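Work through the exercises below with the sequence and the structure side by side, and try each task before you read its solution.

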Amino acid sequence: MNIQIFGKSKCFDTKKAERYFKERRVKFQSVDLLRYGISRGELQSVLRQVKLDDLIDPKSPDAPLVNYLAYDEDKIEKLLDDPKLLKTPIVRNGKQATVGYQPEVWKTWE
């Protein structure tokens, strides 16, 4: 497995995801979205598995603005420009990806 966890340092669900993989002794790479962001290629890879609207953090104050954008490309640009709009954690395993805390899906990856 080649696990990547994109998250925010103060996000409770990101910490739970990291703990989930640590407890199972699965190596993972942790990426701080607020510090490093996410590349266009990585985001496109996640979007092959997850709906765009599921990636938008409903708790973010700017979420309604993103949701009102008419075109998906505009929404993607906004998410790339402002990674704090992304719901976390985003967990990738090769071509597979999840958003949020989803241990029931991660179990199938082991």
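**Exercise 1: a lysine in a loop**

Lys 84 is partly exposed, its relative accessible area being 47%, and the model in which this is seen is a predicted one. Find where Lys 84 lies along the chain, and which residues it is in contact with beyond its neighbours within four places in sequence.

*Solution.* Begin with the exposure: residues count as exposed over 50% and as buried under 20%, so the 47% of Lys 84 places it in between, as partly exposed. Next, follow the chain, where Lys 84 turns up in the loop that lies between α6 (72-81) and β3 (90-93). Then set aside the neighbours within four places in sequence, and the contacts of Lys 84 are with Lys 8, Leu 34 and Ser 60. Finally, take one of these partners, Leu 34, which is 50 residues away from Lys 84 along the chain although their C-alpha atoms are separated by 6.2 Å.

**Exercise 2: two helices that cross**

Describe how α3 and α6 cross, and state which residues make the contact.

*Solution.* Two packed helices are described by the angle between their axes and by the distance between those axes. For helix α3 (residues 40-47) and α6, the axes come within 11 Å and cross at roughly 125°. An angle over 115 but not over 145 degrees is neither roughly perpendicular nor roughly antiparallel, which means that α3 is oblique to α6. The crossing of these two helices is right-handed. From α3 the contact is made by Arg 40, Leu 43, Gln 44 and Leu 47, and from α6 by Glu 73, Ile 76, Glu 77 and Leu 80. Sorted by character, the residues of this contact are 4 nonpolar, 1 polar and 3 charged.

As a further step, look at burial: Leu 43, Ser 45, Val 46 and Leu 47 of α3 are buried, and among the elements that cover the buried residues of α3 are α4 (52-55), α6, β3 and β4 (96-99).

**Exercise 3: the sheet and its helices**

Work out in what order the strands of the sheet lie, and which strands are at its edges.

*Solution.* The open sheet is formed by 4 strands in the order β2-β1-β3-β4, with mixed pairing. Its edge strands are β2 (28-32) and β4, each of which pairs on one side only. Now take β3 and β4, which run antiparallel and are joined by 4 bridges; here Asn 93 stands opposite Gln 96 in β4. To finish, add the helices: α1 (residues 12-23) packs on the sheet and touches β1 (3-7), β2 and β3, its direction making about 160° with that of β1. Helix α3 also packs on the sheet, touching β1, β3 and β4, and its direction makes about 85° with that of β3.

Key: Residues are numbered from 1 along each chain as its sequence is written. This is a predicted model: local features need pLDDT of at least 70, side-chain atom pairs count only at pLDDT 80 or more; totals for chains, interfaces and linings use all residues. Side-chain values use heavy atoms; hydrogens and water are left out. Buried means under 20% relative accessible area, exposed over 50%, partly exposed in between (1.4 Å probe, protein chains only). Contact means heavy atoms within 4.5 Å. Axes are lines fitted to C-alpha atoms, for helices over the stretch in contact, and angles run from 0 to 180 degrees between N-to-C directions. Angles under 35 degrees count as roughly parallel, over 145 as roughly antiparallel, 65 to 115 as roughly perpendicular and the rest as oblique. A crossing is left-handed if the near helix is turned anticlockwise from the far one by less than a right angle, and right-handed if clockwise. Ala, Val, Leu, Ile, Met, Phe, Trp, Tyr, Cys and Pro count as nonpolar, Asp, Glu, Lys and Arg as charged, and the others, Gly among them, as polar. Two strands pair if DSSP finds at least two bridges between them.
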